[in-house]
Amino acid sequence: MIINDTVLRQEWIVACLATDLTNEPKQVFIMGERVALFRTEEGVHAFKDLCIHRGAALSLGCVKNGQLVCPYHAWEYNTEGECTKIPQLPASQAIPAKARATVYGCKEQYGFIWVNLSGDMEGAPFFPFPEFEDDQFHKVMWGPQVVAAKPPRIIENFLDVGHLAVVHENYLGVSDHTEIGDYRVIRDERGIHSEEIEVFQPDPDGSGQAKNVYYTYAIDRPMTVHFTKRDKETGNLMSILLTVQPRDTETSVAYGVMCFNYDTGNSDEESVEFQDMIFAQDKPIVENQKPEDLPLDLQVELSLKCDRVSIAYRQYLKELGVNWGTA
Ligand code: FES
Ligand code: CO
């Protein structure tokens, strides 16, 4: 089923890891739409994955001379979506003007392919990601992780400081340090972000030493958030970006980027394994939350002061008018 949310259709939604789009076209689902991704020398492209001739999936075809070729009768489409060749048509006849593919916005950035279902390449807002551009940070890509939940529940879990010492006990917190001090959420030219929140961790940097570290959470876009963890003694910074693809009404696909300005002592594979393990602890919680839709009415559910980031996220979605096509 299509998620008919006009706000999210204007958003850049993560489609896949950039490394997962090779010379072959690739099929992905974004908000219930079947999308064909493909690469040419010009760059990356996204079409509705549907040939106007007989409804074949264009993603089953191939790329030839910078054009997408339908697998069924080999009609060829250029990157503007115009059909440039119909092999069955006598040479004397013109290609019908209606022979077109629906073109979505598509771009490659921060190690991902992004799709904009509105087709707007220029107008749709994107977000800055300074750590990704900064050579002092080592970057590790994470995902895809398929989750049977809607993106806002997954994103709010990522923004939730209170669960660290409970769900991730002995990894990201300890049971005798569960209290969270008060902090503010600030809106300024940097966007929406929390003040630093003190979290006691058993081994925040792999050295084996338990200590306080400081978390700052930030909301970049409706489907993209990040946090930064700072060690005041060493200056070590770890930033993790989370971006979630609404795949259909029931499932989402989570992706991330881990950025470290220090040597973790782990290989990239080990960093991904650790993140997978942490995510596996969150997954059953998130997949079983009710209601599945994050309540944007702040009178629903009972928040604490330490939930200020979550509250800010709910308010942000409400202001934008994100409604999953249900309103
Ligand atoms: Fe695509 Fe016939 S269905 S060319
Ligand atoms: Co968690």
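Visitor: Hi! Let me jump straight in: in which sense do strand β14 and β15 pair, and over how many bridges?
Guide: Strand β14, residues 197-201, pairs with β15 in the antiparallel sense over five bridges. Strands are DSSP runs of E with at least two residues, while helices are runs of H or I with at least four, all numbered from the N terminus. Two strands count as paired if DSSP finds at least two bridges between them.

Visitor: Before I go on, what kind of model is this?
Guide: This is a predicted model, where local features need pLDDT of at least 70, side-chain atom pairs count only at pLDDT 80 or more, and totals for chains, interfaces and linings use all residues. Residues are numbered from 1 along each chain as its sequence is written, with chains lettered from A and ligands numbered from 1 in the order in which they are written.

Visitor: Back to β15, then. Which residue in β15 stands opposite V199?
Guide: V199 faces V213 there. β15 also pairs with strand β13 (residues 191-194), antiparallel and over two bridges; H193 has A218 in β15 as its bridge partner.

Visitor: And how many bridges join β15 to strand β16?
Guide: Seven, and β15 and β16 run antiparallel. T216, for example, has T228 in β16 as its bridge partner. A hairpin of two residues links β15 to β16.

Visitor: What holds strands together in general?
Guide: Strands of a sheet pair through backbone hydrogen bonds, either parallel or antiparallel.

Visitor: New topic! In what order do the strands of the six-strand open sheet come?
Guide: The order is β1-β10-β9-β4-β3-β2, with antiparallel pairing. β1 (13-17) and β2 (26-30) stand at the edges with a single partner strand each, so one side of each has no neighbour in the sheet. From one strand to the next, the twist averages 30°, an angle between N-to-C directions, on a scale from 0 to 180 degrees, of lines fitted to C-alpha atoms.

Visitor: Which residue in β9 does F47 stand opposite?
Guide: F47 stands opposite V103. Strands β4 (residues 43-48) and β9 (residues 103-109) pair over two bridges in the antiparallel sense.

Visitor: What about I30, is it buried or exposed?
Guide: I30 lies in strand β2 and counts as buried because it has 25 C-beta neighbours inside 10 Å. The cut-offs are 20 or more other C-beta atoms within 10 Å for buried, 12 or fewer for exposed, and partly exposed in between, with C-beta atoms placed from the backbone.

Visitor: Which residues does I30 touch?
Guide: Leaving out residues up to four places away in sequence, I30 touches I13, A15, V35, V115, L117 and Q245. Touching means that the C-beta atoms, placed from the backbone, lie within 7 Å.

Visitor: How many residues are in the largest nonpolar core?
Guide: It has 73 residues, and A15, V35, L37, A46 and V115 are those with the most contacts inside it. A nonpolar core is a set of buried Ala, Val, Leu, Ile, Met, Phe, Trp, Tyr and Cys residues joined through C-beta atoms within 7 Å.

Visitor: Cool. What does the chain look like overall, in helices and strands?
Guide: The chain has six helices and 18 strands. Its C-alpha trace spans about 80 × 45 × 35 Å along the principal axes. Buried residues account for 36% of the 327 residues.

Key
Two residues are in contact if their C-beta atoms, placed from the backbone, lie within 7 Å.
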